[in-house]
Amino acid sequence: MASTPTSVQAPGRSVWDGGVSPMGVSYGKLMMWLFLLSDAFTFSALLITYGLVRSSHLAYDGAIDEFVFSQAYWPVPEKVFEAIPFFDIHAPLVFVGLMTFILIMSSVTMVLAVEAGHRMDKKAVEKWMLWTIIGGITFLACQAWEWTHFIHGVHTLDPNDFEGANLSQNQYGPPDFAGFFFFITGFHGFHVFSGVMLNFLIYYRTVTGLYERRGHYEMVEKVGLYWHFVDLVWVFVFTFFYLV
Amino acid sequence: MAADHHEGNPQVTVIPPDKEKIRKLWKVAGILAIITAIEFAVAFLVPHEFSNTRVWLFIGMTIVKAAYIVGEFMHLRHEAKVLIWSILIPVIFIVWLLIALVYEGMAISDLRFSL
């Protein structure tokens, strides 16, 4: 279980005088926390820049039912992201909602893997790591579909209209809109991809018994921190890119 | 973490799961799912005319979700105080950047469109 601060110290000595970990975590976990803090700065910079650029464009202020795509104002996200695979219906935000749910569930299975690691339960760590990997791959598959749909676009009646999106123009709104979509969800998606790779490595090393021989499953905790962070970032992307 | 375990001991003792702890983890998962569902409800039930209300509701719920993920899943709430503050205090920079750049964006918008 979690490391409680190990402050068994001689009288008159500070925890910072050496010999104990003042922060109560191992070197590896502390460094993972600091890395995640720096990564949080990177993601914040991307999302906040999105806010800056969006607020420097006109907002759509007409009735929501009469919304049409235009270069003149920033699009309403729920009007852009309203497609789901296999069904030709308007289902605003349903697909990203599903993606959010998948990522939260994979965070839960990850925390269960960490819990199993604390109990030295190799079989349970294997089971929950595998579920976490499946959740991550499912999320990536959803994102691949989302990108494909965004790039190909929706069919318009006017043959002169540009359909879909690339980095220089898109049918949904100002060029920056698609740019931010690709950068923010792409950067997050790459984090998910890296997370799946790390999760697989941890799963493999659990199966081969490395952590059991080592006597602890702390690597599961460290990669778990990273995986939860990826989920955390998605919570913010979901709010600031899709909902607001 | 298994501090009582002896290095190189081939006999690994598996501790049985603590049902209470696992129930608490699922409870957090349930809370996250429910908040996401409420976000959906707000997205479709609160009309777009109340855009300020919508934005503040979304931001509030996002912060609650973030607090549960960082506090419970990432276990930060149960760590040493000095670690908690080492992670939370630098977040001030993010808040500052957010406020500064959104105001900047509105100023740019004024210059471009309302003059």
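Me: What makes α1(A) and α4(B) roughly parallel to each other?
Reply: In this predicted model, α1(A) and helix α4 of chain B, residues 91-113, pack at an angle of about 20°. Angles under 35 degrees count as roughly parallel. The two helices are therefore roughly parallel. Their axes lie 7 Å apart.

Me: Which hand does the crossing of α1(A) and α4(B) have?
Reply: The crossing is right-handed.

Me: Which residues make that contact?
Reply: From α1(A) come Ala40(A), Phe41(A), Ser44(A), Ile48(A), Thr49(A), Gly51(A), Leu52(A), Val53(A), Arg54(A) and Ser55(A). From α4(B) come Ile94(B), Leu97(B), Leu98(B), Leu101(B), Val102(B), Glu104(B), Gly105(B), Met106(B) and Ser109(B). By class, they split into 11 nonpolar, 6 polar and 2 charged.

Me: How do you know what span is expected of α1(A)?
Reply: The expected span is 1.5 Å times one less than the number of residues. α1(A) has 29 residues, and 42 Å is expected. From first C-alpha to last, α1(A) reaches 42 Å, close to that value.

Me: Why are some residues of α1(A) called buried?
Reply: A residue is buried if 20 or more other C-beta atoms lie within 10 Å of its own. In α1(A), the residues that meet this cut-off are Lys29(A), Met32(A), Trp33(A), Leu36(A), Ala40(A), Phe43(A), Leu47(A), Ile48(A), Tyr50(A) and Arg54(A).

Me: What do the buried residues of α1(A) pack against?
Reply: Within chain A, they pack against α5 (175-207) and α7. In chain B, their partners are α3 (81-88) and α4.

Me: How many residues of each chain are in contact with the other chain?
Reply: 50 residues of chain A are in contact with 49 residues of chain B. On the chain A side, α1 (27-55), α3 (94-118) and α7 (218-243) each supply at least two residues. The largest share, 12 residues, comes from α1(A). By class, this side of chain A has 27 nonpolar, 15 polar and 8 charged residues.

Me: What makes α4(A) roughly antiparallel to α5(A)?
Reply: The axes of α4(A), residues 122-152, and α5(A) cross at roughly 155°. Angles over 145 degrees count as roughly antiparallel. That makes α4(A) roughly antiparallel to α5(A). The axes come within 9 Å.

Me: Is the crossing of α4(A) and α5(A) left-handed or right-handed?
Reply: α4(A) passes α5(A) in a left-handed crossing. The residues of their contact divide into 16 nonpolar, 8 polar and 2 charged.

Definitions and conventions
Residues are numbered from 1 along each chain as its sequence is written. Chains are lettered from A and ligands numbered from 1 in the order in which they are written. This is a predicted model: local features need pLDDT of at least 70, side-chain atom pairs count only at pLDDT 80 or more; totals for chains, interfaces and linings use all residues. Two residues are in contact if their C-beta atoms, placed from the backbone, lie within 7 Å. Helices (H or I, at least four residues) and strands (E, at least two) are DSSP runs, numbered from the N terminus. Ala, Val, Leu, Ile, Met, Phe, Trp, Tyr, Cys and Pro count as nonpolar, Asp, Glu, Lys and Arg as charged, and the others, Gly among them, as polar. Axes are lines fitted to C-alpha atoms, for helices over the stretch in contact, and angles run from 0 to 180 degrees between N-to-C directions. Angles under 35 degrees count as roughly parallel, over 145 as roughly antiparallel, 65 to 115 as roughly perpendicular and the rest as oblique. A crossing is left-handed if the near helix is turned anticlockwise from the far one by less than a right angle, and right-handed if clockwise. A residue is buried if 20 or more other C-beta atoms lie within 10 Å of its own, exposed if 12 or fewer, and partly exposed in between; C-beta atoms are placed from the backbone.
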